[in-house]
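Morning, everyone. Let me put the structure up, and then I'll walk you through a few parts of it.

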Amino acid sequence: MPEPLFLEAHRLPVESLRKTCDASRFSFHTTAELQPLQDFFGQARAIRAVEFGLKMPHEGYNLFALGPMGVGKLSLVRHFTQTEARQEPPASDWVYVHNFLEPHKPQALGLPAGRGAQLKASMERLVDELRVAIPAAFESEDYRTRRQIIDEELKQKQQASFDALQAEANQQGIAIIRTPMGMGLAPVRGREIITPEEFEKLPEEEQKRIQEAMEVLHQRLQAVLQQAPQWESERRQKIRELGREVTRHAIAHLLSGVRASYQDLPEVLGYLEVVEQDLIENAEQFLANPGESENPLEAALGKMLADSRSFDRYRVNLLVDNAGSQGAPVVEEDYPALANLLGRIEYRAQFGNLVTDFTLIRPGALHRANGGYLILDARRVLLQPYAWEELKRALRAKEIQIRSVSDVLGLSSTVTLQPAPIPLRVKVILLGDRLLYYLLSAYDPDFLELFKVAADFEEDLKRTPEGEEAYARLVASLAQREQLRPLDREAVARVIEHGSRLAADAHKLSAALEALLDLLREADHWAAQAGRAVMTAQDIEQAVAQQVYRASRLKERLQEAVQRGTLLVDTSGAKVGQINGLSVLSLGGYSFGHPTRITARVRLGKGEVVDIEREVALGGPLHSKGVLILAGFLGERYARERPLSLSASLVFEQSYGGVEGDSASMAELCAILSALAQVPIRQGIAITGSVNQHGQAQPIGGVNEKIEGFFEVCRDAGLNGEQGVIIPRANIQHLMLNLEVVEAVKKGQFHIWAVNSVDEALSILTGLEAGERGADGRFPEGSLNARVEAQLKAFAEQVRAFAAPGGNP
Amino acid sequence: MNRIRRVILALDVAARDQESIAAAVELAARLGAEVLGLFLEDPRLLRWARLPVARQVSPWGGALDEGRLEAQLKALAAQAQAELEQAARRRGVAWQAEVLRDELERTLSEKALQEDLWVIGTAGRVMGLAVPTLATLRLVLPQAARWVLWQPRGGAFRHPMVVLHAQASHPEALLEAARAWMEHPAEPLTVVMLGENGLGSLVQNWQVRHGVLVRPVHLRTATLEQLLEVFVRTGCDGLVVGADLPLLAGEGLEQLLARLPGPLLMVR
């Protein structure tokens with residue numbers, strides 16, 4: 001049995017196992033009496049960074065809000081961005097219009113907020129009016145008369161030429177006749193063409209005269225006919241001119257009505273100028289009636305085009321409408337795919353083909369946020385193909401160029417639209433975890449240039465009396481915001497204690513607002529189930545217990561395996577070279593501790609410690625490092641003057657998965673030393689902590705889960721008052737054990753010991769004094785270290801005997 | 001007019017007479033009749049081609065012989081048929097087409113039935129271009145036809161002017177024909193009465209019988225110029241005359257056709 005002295009010296013008092021929150025120090029009865037927290041408690045550094053970044057007007061001062069999930073990055077960024085945006089003027093509207101010179105390059109126009117929709121409506125109204133006004137102008141008496149005059153002029157001109165020729169021909173007894181392919185000249189007598197027989201009978205002189213006359217007339221007829229196309233061309237030109245004049249007149253007052261509203265916008269006036277020219281040149285589109293085509297397919301197509309497409313080029317595609325905006329835009333894009341960031345060009349199926357035009361250009365988040373702020377999740381941006389590269393390109397170029405993935409890859413070779421780029425002035429705020437920020441900083445040379453401001457969020461807060469007060473107000477704010485029941489002060493105290501547990505530190509409070517909110521929502525539910533108007537400590541405890549219960553199926557299966565003897569863990573008795581180590585399993589957001597049997601075997605060797613986990617590639621690098629440190633410790637302490645002729649093997653028994661971390665290194669060292677000294681270790685005690693080459697105990701993570709895990713195994717096996725856990729002394733500050741463990745300790749059924757070194761741990765585990773070297777350089781007789789040293793010395797002697805010529809011990 | 005079962009369209013080398021084709025089809029659709037396109041090959045053209053001095057001015061060259069001319073005429077007839085078919089299909093009108101060559105006057109007279117409406121656009125104007133000579137007109141003008149519509153303008157006319165004279169054999173037939181063409185029966189029908197006679201009472205009786213409002217115009221003696229002046233002044237767009245109108249005698253018909261700014265419906 002161990003000496004009580006060792007146990008008492010290192011046993012921790014109950015008070016140090018859980019830093020409770022005294023509810024009586026709060027002045028309120030329920031959180032309904034508390035003023036909501038206006039600022040973001042504990043995030044002063046992030047707030048100052050965000051405020052600075054938002055106000056910096058220079059290029060590259062985009063923000064990256066970094067910190068773990070659930071600490072309120074988005075809420076904080078959204079709050080400050082919206083506050084800043086409200087003080088700024090609304091951003092411009094942006095529209096795409098047809099480019100009449102280069103139709104495949106739609107033109108972008110920027111207008112003051114609200115004027116884009118106005119322009120769109122004006123142009124739609126204009127087209128409607130033109131559809132009436134232009135046909136009316138062309139059907140007017142005036143137009144028809146003037147056109148008739150042009151036609152008549154041509155006819156008269158042609159007629160006059162023919163009449164003159166005809167008269168001259170008639171005088172010479174020759175007629176002009178129409179032939180299937182043109183005109184002909186025929187000698188006539190009376191009113192009939194001379195027959196070939198009659199012609200033969202004519203005197204030779206007469207025949208010659210006719211022939212000569214016909215030759216001359218033939219030349220002149222040819223000249224007249226050759227002139228005809230030119231006259232026709234002149235006629236068409238005149239009709240075109242007339243059409244232009246009529247159109248100009250018909251549309252003048254309509255366009256001037258539109259122009260009047262945009263006198264302050266030269267770009268729009270320029271566009272309207274081009275529209276006017278196009279209307280004048282293409283007025284016939286307002287007159288055509290394609291439904292008359294004989295081919296039914298053509299007729300249907302023509303009608304469809306006439307109905308829906310003909311006038312599209314005068315339409316306005318309102319890309320960004322900031323009408324009614326109170327301040328600059330703040331846009332959050334939840335799905336930052338390339339097309340959702342930069343916009344896209346849609347296509348419509350038309351008779352088996354995909355066609356597009358500027359009316360099918362759709363805006364992206366950058367368009368909507370232009371002139372304001374864009375909030376994005378960094379991880380999602382990085383996961384979307386080419387989204388990150390194109391976002392950076394847009395920020396660098398300070399313009400939005402719509403590009404699809406196939407454009408980016410250079411796969412697209414079909415003719416498509418190339419909308420004019422839109423100037424970009426936006427501040428981008430990325431949200432992400434720290435690892436992502438540091439990876440981008442290290443590997444993306446553009447990143448720090450474009451995202452100069454890092455807003456680093458705290459994941460926990462100091463648990464001081466003031467901190468607890470502020471936390472209470474935070475709890476009150478969240479409850480009010482979520483319209484939950486108020487909490488009484490005992491409930492608030494439990495929430496604060498849970499906050500410390502989440503922070504895994506008795507002197508800190510977790511800043512994970514999402515987890516806190518979940519707890520409050522669930523406690524509210526249990527309060528509702530119990531019919532309470534106020535959340536009590538009982539509701540908080542039930543919420544925590546239910547969270548644990550829902551997640552602890554696997555933990556219970558492991559404990560059951562121990563109970564049934566499938567997993568071999570002893571919680572009583574003593575064994576040489578065998579110890580209970582503690583590990584933490586994190587699955588699905590829930591962590592729990594569990595004991596693992598670690599065994600050590602020693603024999604004559606060359607001074608190495610064989611880590612079986614490492615040999616079979618089940619151990620991680622940190623675990624391997626911990627094991628190698630043991631060899632360093634053994635050599636330094638016990639084999640300064642002789643070779644360390646030891647071969648030790650270590651194994652996590654019944655471990656079938658990977659092992660990582662060095663938190664078991666103190667347990668492993670104790671097991672080796674036990675094996676060397678042949679001193680049994682008490683199996684009712686588990687140990688956690690890492691150890692350095694000097695044998696000092698170092699703190700580890702997950703101390704609460706580990707203690708609770710072993711406690712539960714002992715509880716199930718039966719608490720005998722001798723069980724407990726040894727932890728590094730530096731971990732005392734992290735203790736926030738659950739009430740069941742605290743209660744058991746209070747009753748003396750379970751113990752927590754804190755140690756500074758492996759010697760202290762061994763004393764507790766074996767009941768033997770570890771012993772320190774005396775002035776003679778020897779460990780006290782009978783001490784654990786003396787036994788270890790003696791064993792190692794024996795090994796060394798045996799090695800020397802083996803090494804002697806013909807040696808055999 | 002309501003007994004018309006066939007609209008016969010006369011076509012010749014001026015086969016690209018789309019106005020006539022459209023008018024014939026339109027009329028047939030309106031009357032529920034079928035269209036017969038007759039492509040008339042003037043035998044004198046072929047004779048002319050045999051003349052040693054015959055020459056043609058054409059974008060396709062001036063060379064000419066009888067065989068080549070025949071081929072051109074065939075092509076033209078086929079083209080005319082295709083255009084007629086296209087127009088008739090569009091309006092859902094039944095149609096036929098024939099090519100007539102020899103003894104045109106006799107063949108035409110044989111083909112012409114009382115119930116036919118003849119439509120003659122630019123056909124028959126082979127000679128003298130716009131102004132048809134009587135001799136050529138005879139080639140396309142069937143003597144037996146009861147109704148002949150000259151120089152149609154696409155659709156039917158809507159405001160006819162009827163010319164009656166004392167010797168008119170069927171004055172009421174003229175009035176009936178004009179009434180059938182009117183767009184709005186309630187509008188007044190312009191009736192020109194030539195000479196001193198009892199036409200006034202005839203027209204009055206007809207007016208009472210049919211409830212048609214008549215705008216009478218009395219002319220003691222009428223020249224072609226006077227008639228045309230009344231036509232323009234009254235705003236009419238089609239002239240309805242009897243074939244026995246004295247003004248049409250001699251070269252009167254061709255002069256009227258040359259100067260009339262609208263279609264002419266001739267009724268026998």
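Start with the hairpin in chain A. Strand 4 of chain A is joined to strand 5 of chain A by a hairpin, through two residues. The two strands pair in the antiparallel sense, over six bridges. To find the register, look at Ile177(A): Gly184(A) in strand 5 of chain A stands opposite. Keep in mind that this is a predicted model.

Now follow strand 5 of chain A onwards. Strand 5 of chain A also runs antiparallel to strand 6 of chain A, and two bridges join them. There, Arg189(A) stands opposite Glu192(A) in strand 6 of chain A.

Which strand of chain B pairs with strand 5 of chain A? It is strand 3 of chain B, residues 55–57. The pairing is antiparallel, over three bridges. Two positions give you the register. Met183(A) stands opposite Val57(B). Gly184(A) stands opposite Gln56(B). So that I don't lose anyone: Gly184(A) is the residue we just saw opposite Ile177(A).

That takes us to the contact between the chains. Chain A puts in 30 residues and chain B puts in 29. On the chain A side, several elements each supply at least two residues. They are helix 5 (141–171), strand 4 (174–179), strand 5 (182–189), strand 6 (192–193), helix 6 (196–201) and helix 7 (204–260). Which of the elements of chain A gives the most? Helix 7 of chain A does, with seven residues. By class, the chain A side divides into 17 nonpolar, nine polar and four charged residues.

Over to chain B, and its sheet. Ten strands form an open sheet here, with mixed pairing. The order is 4-2-1-5-6-11-10-7-8-9. At the edges sit strand 4 (95–100) and strand 9 (214–219) of chain B, each pairing on one side only. On average, neighbouring strands are turned by 20° against each other, direction ignored.

Take one pair from that sheet. Strand 1 of chain B, residues 6–11, and strand 2 of chain B, residues 34–40, pair in the parallel sense over six bridges. Arg6(B) has Glu34(B) as its bridge partner in strand 2 of chain B. A helix packs on the sheet too: helix 6 of chain B, residues 171–181. Helix 6 of chain B touches strand 6 (147–150), strand 7 (160–165), strand 8 (189–194), strand 10 (238–242) and strand 11 (264–267) of chain B. Its direction makes about 180° with that of strand 7 of chain B.

Back to chain A, for the annotated site. An unreviewed UniProt entry carries the annotation "active site" for Ser663(A) and Lys706(A). They span 44 residues in sequence, yet their C-alpha atoms are no more than 10.6 Å apart, so they gather at one spot. Where does Ser663(A) lie? In the loop between strand 24 (646–652) and helix 24 (665–677) of chain A.

Helix 24 of chain A has a packing partner. Helix 24 of chain A packs with helix 28 of chain A, residues 784–803, at an angle of about 70°, with the axes 8 Å apart. That angle makes the two helices roughly perpendicular. The crossing is left-handed. From helix 24 of chain A, the contact uses Leu673(A), Leu676(A) and Ala677(A). From helix 28 of chain A come Leu784(A), Arg787(A), Val788(A), Gln791(A) and Leu792(A). The residues of this contact divide into six nonpolar, one polar and one charged.

Last one: helix 21 of chain A, residues 553–563, against helix 25 of chain A, residues 703–717. Their axes come within 10 Å and cross at roughly 45°. That makes helix 21 of chain A oblique to helix 25 of chain A. The crossing is right-handed. Gln559(A), Val562(A) and Gln563(A) in helix 21 of chain A meet Glu712(A), Val713(A) and Asp716(A) in helix 25 of chain A. By class, that contact has two nonpolar, two polar and two charged residues.

Notes:
Residues numbered from 1 in each chain as written. Chains lettered and ligands numbered in written order. Predicted model: local features only at pLDDT ≥ 70, side-chain atom pairs only at ≥ 80, totals over all residues. Axes fitted to C-alpha atoms, helices over the stretch in contact; angles between N-to-C directions. Helix = DSSP H or I, 4+ residues; strand = E, 2+ residues; numbered from the N terminus. Parallel < 35°, antiparallel > 145°, perpendicular 65-115°, else oblique. Left-handed = near helix turned anticlockwise from the far one by under 90°. Contact = placed C-beta atoms within 7 Å. Nonpolar A, V, L, I, M, F, W, Y, C, P; charged D, E, K, R; others polar. Pairing = 2+ DSSP bridges. UniProt positions renumbered as here; feature names shortened; annotations may be inferred.
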